[in-house]
Amino acid sequence: MRPTRRGFAVLAVAVAALLVSARFGQPGLTAVAGPLFVGVFAAAVQVRWSGAPTVERGRLRRGFPGETKPVEFHVDGSGIATVTDRLSEGLSGETTVTRSLPATVTYRVTYTDRGEQQAGPVEATVTDALGLVAERYTIESRTNVLVYPPVYRLGGTDAFARTFTPENEDRQSFDRLREYVSGDSLRDVHWKSSAKREDLLVKEFTDSRSDRTLLVAAEAREGHADEMAAAAATIAMAALESGLAVELAVPNGAVEQGYGDTHRTRLLELLARADAGRTDRADDADVVVTANGDGVTVSVNGRRQSFADVTASRDNPIAGEVNG
């Protein structure tokens, strides 16, 4: 506990009054100094009597970098307090407010980095009603939040099948011939049969991609885990949207194949915590993501290309469109 600047000013006036009174024989100044000392003493008693505030807070919702979420917690106590909610490096927001206690504190926090992030502890500086004395408390109230990696949109509606599915599996096996419909690819026209019918006939192929598991393996040099996680998340989410069962392996963990929203969340959770390093699944993987000082590359059946070349835009993640 210590006087505030205002408290020091009051004490300085009181001491000066006593000195002048003693030096020049002005007893009236003593009457001025006395109430000032009493006021500071009473302020100290009030602050000490108030005791340490307590904090009750709710949980933060998970999200993606760039998203903003509301934070709310209740501070119970008495007096006037300046409250600051400490944030980890992956979170940002204006977290300092001054309230008369008890009070509910609300602010908005922006997620800036993937991984395990934390809000708290809470620092509260309690003062008396006149602002003469202050006591600072650190309240161990914390909440953790998991921030997923960003997810980007691939270039074009068929970009996933075109880029990440091997051609021999993209066009599985011949099914039947049918009449040409505007928009069909000319490469699918069966010219021999069309000549006999004098109408264009196109070949249809069975598509069994929905019964196929896609194993994505992701590796990164030290310091490039974030880029690895973003690329792997983009590919995994696109594969799920394409109806594939996705299996994921990263240096510090793996998720078995699966579908649906629950599986999507499990993939994002693993990628939120993924570390740099190597995985022993790269040789068996359908898609290998590699991140290092030269950038992020994606390898599919020996075909290697830059991750930047297969995304529509790296400036506008589609994280908000992905259910986490």
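Contact here means heavy atoms within 4.5 Å. With that in hand, here's a first look at this predicted model: among contacts between residues at least 6 apart in sequence, 65% join residues at least 24 apart. The protein chain has 324 residues, of which 44% count as buried, and it holds 7 helices and 18 strands.

**The sheet**

Let's start with a six-stranded piece of the fold. The strands form an open sheet with mixed pairing, in the order E15-E14-E13-E16-E17-E18. E15 (253–258) and E18 (303–306) sit at the edges with a single partner strand each, so one side of each has no neighbour in the sheet. On average, and ignoring direction, neighbouring strands in this sheet are turned by 15 degrees against each other.

Some of the pairings are worth a walk-through. E13 (residues 213–220) runs parallel to E14 (residues 245–250), and 5 bridges join the two. If you want to find that register on screen, look for Thr213, whose bridge partner in E14 is Ala245. Further along, E16 (residues 287–292) and E17 (residues 295–300) pair in the antiparallel sense, with Val289 bridged to Val298 of E17. E17 then pairs with E18, again in the antiparallel sense, and here Ser299 stands opposite Arg304 of E18.

Here are the three pairings side by side:

| Strand pair | Sense | Bridges | Residue pair |
|---|---|---|---|
| E13 and E14 | parallel | 5 bridges | Thr213 and Ala245 |
| E16 and E17 | antiparallel | 6 bridges | Val289 and Val298 |
| E17 and E18 | antiparallel | 4 bridges | Ser299 and Arg304 |

What about the turns? E16 and E17 make a hairpin with 2 residues between them. The hairpin of E17 and E18 also has 2 residues between its strands, and in it Asn301 takes a positive phi near 50 degrees.

**Helix H7 and its surroundings**

Now for the helix that goes with this sheet. H7 (residues 260–272) lies across E14 and E15, running at about 165 degrees to E15. Its length checks out: 13 residues at 1.5 Å a residue should span 18 Å, and the end C-alpha atoms are indeed 18 Å apart.

Which residues of H7 are buried? They are His263, Arg264, Thr265, Leu267, Leu268, Leu270, Leu271 and Ala272. What do these buried residues pack against? E14 and E15 are on the list, along with strand E8 (115–127), strand E10 (143–147) and helix H6 (225–241).

The H6 contact deserves its own paragraph. The axes of H6 and H7 come within 10 Å and cross at roughly 170 degrees, which makes the two helices roughly antiparallel, since anything over 145 degrees counts as such. H6 brings Ala229, Ala232, Ala233, Ala236, Met237, Leu240 and Glu241, while H7 brings His263, Arg264, Leu267, Leu268 and Leu271. Sorted by class, that's 9 nonpolar, 1 polar and 2 charged residues.

**A closer look at His263**

His263, part of H7, is a handy residue for tying these pieces together. Why does His263 count as buried? Its relative accessibility is 4%, and the cut-off is under 20%. Leaving aside neighbours within four places in sequence, His263 is in contact with Leu240, Val246, Val255, Glu256, Gln257 and Gly258. Leu240 is one of the H6 residues in the helix contact, Val246 falls within E14 (residues 245–250), and Val255, Glu256, Gln257 and Gly258 fall within E15 (253–258).

Conventions
Residues numbered from 1 in each chain as written. Predicted model: local features only at pLDDT ≥ 70, side-chain atom pairs only at ≥ 80, totals over all residues. Heavy atoms only, no water. Pairing = 2+ DSSP bridges. Axes fitted to C-alpha atoms, helices over the stretch in contact; angles between N-to-C directions. Expected span 1.5 Å × (residues − 1). Buried < 20%, exposed > 50% of the residue type's maximum accessible area, 1.4 Å probe, protein only. Parallel < 35°, antiparallel > 145°, perpendicular 65-115°, else oblique. Nonpolar A, V, L, I, M, F, W, Y, C, P; charged D, E, K, R; others polar.
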